[in-house]
Amino acid sequence: MSDRNFDGLRDVQLWRTFLAAYRHGSVSAAARALGVAQSSVTVQLQALERSVGWPLFERHARGIRPTPSADELAGRIAGPLDALAEAVGARPDAPAAPVRLGGASEFLAAVGLPAVGPLVADGMLLAVTTGLADDLLDRLRNGELDVVVSAVRPRGRTLPAMPLFDEEFALVASPQRGIRPSAELRASDLDEHPLLAYGHDLPILRRFWRHSFGIRLERKPALVAADLRALAAAAVAGAGITVLPTYLISQELADGRLVDLRPSEVPSINTVFLVRRPGPVTPAAALIERALREATTVL
């Protein structure tokens, strides 16, 4: 290292600045979060890089990108620094802050909110944000959320992530489409049936095709709706075929409004993660996590 006497404690402010820059992804955003000038953030980051002896960020047109060394450092210091900030900033008479929960709207509506509803009834404050996994994880890194239910595992080591459950997917359609369910159903048997997709790039459908048929899906969707509940409703109405998580359509499968076209003992799955912000877990957030775990054990 360039400074042999550096023990990491000489100036905690340097580490606070580093963590703000790491979480926000730009010098300007870090400066706003800290309430200082951009030049101050730049000078402190340069000082810290000189102290540790290696680069922490790569500069690019849209901001700064952390190096692997920065990922490792952030993973080690985020929890202690957040705990310190919480300890020195807490007031005994401060009002309770709401737990900030993020997740896909479909999961929260079908599973998440019914699971935590009793906690709210008992007096817990809860603020819910829905959206795509990558966006929610970014907000978690920035300290805007406390817990996120994510369909993707976060990159790096700064966000503690634990598997929550494996969501199973089924290829479904209304019986009125006349497709005979079979474990031997081929992809070519579906060529004449419209595809109902979550996105234009067919993210869920392509994964199912690769897993179940062993081929890449190249067709264009007939309907695109970024809401799995809307796709389920369209499928029930006979619009076409789609792939959906079974927890979301359990009732439609049970009463026959939708049919599992290719039942399998080894279904297509995707692991969903419970991700929390770095630092100590508050009792309220721990109750949320426990409720979500209990609710997903039966899915």
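Select helix H1 (12–24) and helix H4 (68–89): each supplies at least two residues of the lining of the largest cavity. Helices here are DSSP runs of H or I with at least four residues, strands are DSSP runs of E with at least two, and both are numbered from the N terminus. The structure is a predicted model, in which local features need pLDDT of at least 70 and side-chain atom pairs count only at pLDDT 80 or more, while totals for chains, interfaces and linings use all residues. Residues are numbered from 1 along each chain as its sequence is written, and side-chain values use heavy atoms, with hydrogens and water left out.

**First stop: the largest cavity**

Next, select Leu19, Tyr22, Arg23, Ala74, Ala78, Arg141, Thr158, Leu159 and Pro278, which line the largest cavity. On a 1 Å grid over the protein atoms alone, a cavity is a set of points where a 1.4 Å probe fits but cannot get out, and lining residues have an atom within 4 Å of a point. The space in this largest cavity is about 40 Å³, a volume being the space filled by probe spheres set on the points, with grid points joined across faces, edges and corners. H1 gives the most to the lining, with 3 residues. By class, the lining holds 6 nonpolar, 1 polar and 2 charged residues. In this classification Ala, Val, Leu, Ile, Met, Phe, Trp, Tyr, Cys and Pro are nonpolar, Asp, Glu, Lys and Arg are charged, and the others, Gly among them, are polar.

Now centre the view on Leu159, in the loop between S5 and S6. Leu159 counts as buried, at 5% relative accessibility; buried means under 20% relative accessible area, exposed over 50%, and partly exposed in between, with a 1.4 Å probe and protein chains only. Leaving aside residues up to four places away in sequence, Leu159 touches Leu137, Leu140, Arg141, Pro154, Val275, Arg276, Arg277 and Pro278, where contact means heavy atoms within 4.5 Å. Add Thr17 to the selection: its C-alpha atom is separated by 18 Å from that of Leu159, the two residues being 142 apart along the chain.

**Second stop: the second largest cavity**

A search of the whole structure finds 2 cavities of 30 Å³ or more. For the second largest, select Leu196, Ala197, Tyr198, Leu202, Ile204, Leu205, Leu231, Thr242 and Val243, which form its lining. The elements that give two or more residues to this lining are strand S7 (196–197), H7 and strand S9 (242–245). About 30 Å³ of space lies in the second largest cavity, and its lining has 8 nonpolar, 1 polar and no charged residues.

**Third stop: the second largest pocket**

A pocket, unlike a cavity, is an open set of points with protein on both sides within 12 Å along at least five of seven lines. The second largest pocket encloses about 650 Å³ of space. To find its centre, select Ala104, Leu132, Ala133, Ala151 and Tyr198, the closest to that centre of the 28 lining residues. Elements giving two or more residues to the lining include helix H5 (105–121), helix H6 (133–141) and strand S6 (161–173). The lining residues divide into 18 nonpolar, 6 polar and 4 charged.

**Fourth stop: Asp146 and its partners**

Which residues are linked with Asp146 in a network of salt bridges? Select Arg100 and Arg277 to see the other members of this network. A salt bridge is a side-chain nitrogen of Lys or Arg within 4 Å of a carboxyl oxygen of Asp or Glu, and by this rule the count comes to 13. Between the side chains of Asp146 and Arg100, the N to O distance is 2.8 Å. Because Asp146 lies in the loop between H6 and S5 and Arg100 in strand S3 (residues 99–103), the pair ties together parts that are 46 residues apart in sequence. Asp146 is buried, with a relative accessible area of 12%, whereas Arg100 is partly exposed at 26%.

The side chain of Asp146 also reaches the backbone nitrogen of Arg100 at 2.8 Å, and a polar contact of 2.9 Å joins the side chains of Asp146 and Arg277. A polar contact is a pair of N or O atoms within 3.5 Å; within protein, one must be able to donate a hydrogen and the other to accept it, and residues adjacent in sequence count only if both atoms are side-chain atoms.

**Last stop: two further salt bridges**

Select Glu58 and Arg65, whose closest N and O atoms are 3.9 Å apart in a salt bridge. Finally, select Asp227 and Arg229, whose side chains meet in a salt bridge at 3.1 Å, N to O.
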